[in-house]
Amino acid sequence: MATRKPAKKQAPAQKKTTPKPAAAKKAAGAPARKKAAPPAKPKKPARPARAATLAPAAEPAQLGLTDLQQRFVDEYLVDLNGTQAAIRAGYSPDTARQMASENLSKPYIQIAIAEARKAQQARTHIEADRVVVEAWNIVFADPRELVQIKVGCCRHCWGEGFKFQRTVGEFNHDREQHALKAGNLADFDEKGGIGFDPLKPPHPACPDCGGDGYPRTVLTDTRQLSPAARALYAGAKMTKYGIEVQMHDKAAFAEKLFKHLGLYEKDNQQKTDPLASLLSRITTGNANGFRPVADDPEVPDAGAPTPPSALQPRQDVDGED
């Protein structure tokens, strides 16, 4: 009997999927579009910090100057006089000196004065170094750059036979005048000839000036002065005797420089106060502040004869009772 083979199972039919339409390709070279960023959320305002209950008291420099203190600072820069600045600022004249001392001792007012001086220097272009250089120029300037005394020859120094010498112009003028009066030049006196030059030095054998010549005052053109001479120059004025050139006081500026350089302090350190030295010897010694000196002018020399004294008996002289 024939056996039947089992029929093969058919595979399940696959589901057909419809392909989605492909997205259109971007054109070559087209810039890619960026997604727009989401709008930023507004930040919440920060909460103000709570003031500490045990915070230390604020310094005056943090609080700033009062109106009265600010006026004091402004007035102090005028003449650097604390008492007058306090009075002008509005303090009572009776307590102005005390208040000025107190204000100048406060650190925040000192800072305010320093800052105000820096601002003043920036506005006026005046600095301490520039002032010191100007004072230095005045002290070490040569006054001969402003006024000179030059000594030249006299009229007889270089004349023929030490006679009166004329310039060329004077000689021609005198000849013309003589010709008009006398009618001829036969008896015209040429004296010492021509060629007088006041810039020549004196002749040492001149009988008229004795070789000393004659001095004359020469003023320098102020447009051609050196920096030191410009600092020394203080102006000019016309007097009945001529032009007077004024100069700054070199001694006053030298004293200011000495103080700035501390030269007076060095001199004071080298000196000792006699009273202080005496008190020091009394307190550190044996209560005797007077010590013998090496060369006492009141003590006679050992080899010198002793002068007679009324307290010593004198020798008897023969013939006296």
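I started with Phe72. Skipping its neighbours within four places in sequence, I found it in contact with Gly82, Ala85, Ala86, Ala89, Tyr91, Ala100, Asn103 and Leu104. Note to self: this is a predicted model.

Next I looked up the largest nonpolar core. It has 15 residues, and the ones that touch the most other members are Phe72, Val73, Ala86, Tyr91, Ile109 and Ile113. I checked which elements give two or more residues to this core, and got helix H2 (67-79), helix H3 (82-89), helix H4 (96-105) and helix H5 (107-124). H5 brings the largest share, five residues. Another core lies apart from this one; it has eight residues, including Ala141, Ala228, Ala229 and Ala231. My textbook reminder here: in soluble globular proteins, nonpolar side chains tend to be buried together.

Then I went after the rings. How many aromatic pairs are there? The count came to four. I picked Phe171 and Phe188: their ring centres are 5.6 Å apart and their planes sit at 80 degrees, so I wrote the pair down as edge-to-face, since planes over 60 degrees apart count that way. This pair links distant parts of the chain, with Phe171 in helix H7 (residues 168-182) and Phe188 in the loop between H7 and strand S2 (214-219), 17 residues apart.

Are these two buried or exposed? Phe171 is buried, at 9% relative accessibility, and Phe188 is buried too, at 15% relative accessible area. The cut-off for buried is under 20%.

Back to Phe72 for a moment: ring pairs link it with Tyr76 and Tyr91 into a cluster.

Last entry: I found Arg155 over the face of Phe196, 4.3 Å from the ring centre.

How values were computed
Residues are numbered from 1 along each chain as its sequence is written. This is a predicted model: local features need pLDDT of at least 70, side-chain atom pairs count only at pLDDT 80 or more; totals for chains, interfaces and linings use all residues. Side-chain values use heavy atoms; hydrogens and water are left out. Rings of Phe, Tyr and Trp (its six-membered ring) pair if their centres lie within 6.5 Å; planes under 30 degrees apart count as stacked, over 60 as edge-to-face and the rest as tilted. Helices (H or I, at least four residues) and strands (E, at least two) are DSSP runs, numbered from the N terminus. Buried means under 20% relative accessible area, exposed over 50%, partly exposed in between (1.4 Å probe, protein chains only). A charge sits over a ring if NZ of Lys or CZ of Arg is within 6 Å of the ring centre and within 35 degrees of the ring normal. A nonpolar core is a set of buried Ala, Val, Leu, Ile, Met, Phe, Trp, Tyr and Cys residues joined through side-chain atoms within 4.5 Å. Contact means heavy atoms within 4.5 Å.
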